[in-house]
Amino acid sequence: MPVTAANWSARRRPNRLWPSPAVFYNDLALVVLASSAMFNVNLVGSLPGCELVAIALLPFLLLRHGQRALRREYLWFYLLLGLWLFGTVAGDTYLGSTMTSRVKGVARVIFLGLDFTTLAILINRKTRGMIAFTLGFVPVMLYIAFHFRGDFLVAWKFGLGYAITLLALLVSCYYYARRRHWIYISIFLGMAALNLIFAARSQIAVDLISLALVLPIFTRKSTLQSGAVKTKETLRVVVLLTVAAGAAYAANQAIKFGASHGFFDEGIQDKFQTQEQGKLGVLVGGRPETLVAIQAIRDSPIIGHGSFAVDPKYAFLKQDIEYENGYAISDNPDPDEDAAGIPAHSHLTQSWVESGLFGGIFWIYVLFITSRGILLRAARGSPMTPLYSFLLVGFIWDILYSPMGSFDRIWGAFAMLITYNLFAAARLEDWLARRPAITNRRVIHPRNAIRRRYIARPYSS
């Protein structure tokens, strides 16, 4: 058939991976930003390379697209971050913290804000930006795992397992979007099985809870023509939380099963069995710092104890808790812990212990919006639901049970940005459901719709 102007224009042109050079350079910047986290620079403390890249990029990004980082939805983040910074400075000044500790404490808060601002501009609510940044972190995890190549279990726990999980879940998003449920469910179960075999206890729980939240039975059906179908949201939330709790229980039972059937080496098996036999359960046995941090917060709930505060009495308290509840054979603490900071091992408790009430309020707010984001994504569904659920459930674990340092700041900023983007997508979806005014596949902006109805046709019904 001869090629004419009509059938040439009708032919579908193939989609290009990068529709413009600007998109390519934006994705490249995100990959470089994430990948540079594998390097560190020692100044007052250890500064990850990704934050040096963020400092270099941010002035240019603010000049070109600063409005992306100043969206109204980010107001509470910046406001509470500012209060956390104020609490850190005021507490350190009142308590007379050393200058080194003050600089490190203030830098932790400021760099979290800089990381968030940089990512907000570069990602700009685009799914491809989320994918690019996630892929950029895979080499970081592999690089960390390489340092533990002499001990495979440690390498798996601190990098290799996470890198493989990120890649596997990106693949599962493809099948989730095409409703190939058995494939992406098998991917989740496969990663949970590998984490069980290689004794990555927390990752088993994250995998199973994330899987429970992406099951298709929870997705709310909606159409643009009829609007969103009314559902009992309270009941939905209760069911989701119940299923998530059941997944956490299943993860704990899987660990017990592995320990009783000799899945692990002798050292790990003894550790798990000791924690299981303790009076307060496996979770407290694995994170005894939680009870110590709660006591430290009770001792100074408003001001805190200062940035990187050191108080040997809390090291003794931690050892006493472990000994009295059957997690340790002695009540004498490790001499190295006497000179260490107050045990916290949590974004939330660490910030509250060191910066006081405002540090705690900031992370309680982040915990709240992240939990809402998880439930929102579980109910509505999207092609990226498997990855987002895994990242946000893992982020909640970090808020409650992991310290914040190094590239955890930019990874946490990324998780918060995912949450805000989920809220923005939900608002757009709700608006489309309420206003099905679509012409030629273009959504009519509310302002233009009002103009057409009341100005162009003022007397129409």
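Visitor: Why are Tyr162 and Trp411 called buried?
Guide: Both residues fall in the buried class, which means under 20% relative accessible area (exposed is over 50%, partly exposed in between; 1.4 Å probe, protein chains only). The model is predicted: local features need pLDDT of at least 70, side-chain atom pairs count only at pLDDT 80 or more, and totals for chains, interfaces and linings use all residues. Residues are numbered from 1 along each chain as its sequence is written, and side-chain values use heavy atoms, without hydrogens and water.

Visitor: How many aromatic pairs does a search of the whole structure find?
Guide: The search finds 29. One of them joins Trp84 and Trp363, with 6.0 Å centre to centre and 75° between the planes.

Visitor: What makes Trp84 and Trp363 an edge-to-face pair?
Guide: Rings of Phe, Tyr and Trp (its six-membered ring) pair if their centres lie within 6.5 Å; planes under 30 degrees apart are stacked, over 60 edge-to-face, the rest tilted. The values of 6.0 Å and 75° therefore meet both criteria. Trp84 is in helix 4 and Trp363 in helix 17, 279 residues apart; helices (H or I, at least four residues) and strands (E, at least two) are DSSP runs numbered from the N terminus. Trp84 and Trp363 are both buried.

Visitor: How do you know that Tyr162 and Trp411 are edge-to-face?
Guide: Their 6.3 Å and 70° satisfy the criteria likewise. Tyr162 lies in helix 7 and Trp411 in helix 19, so this pair ties together parts 249 residues apart in sequence.

Visitor: What makes Lys104 a charge over the ring of Phe308?
Guide: NZ of Lys or CZ of Arg must be within 6 Å of the ring centre and within 35 degrees of the ring normal. Lys104 lies over the face of Phe308 at 4.4 Å from the ring centre.
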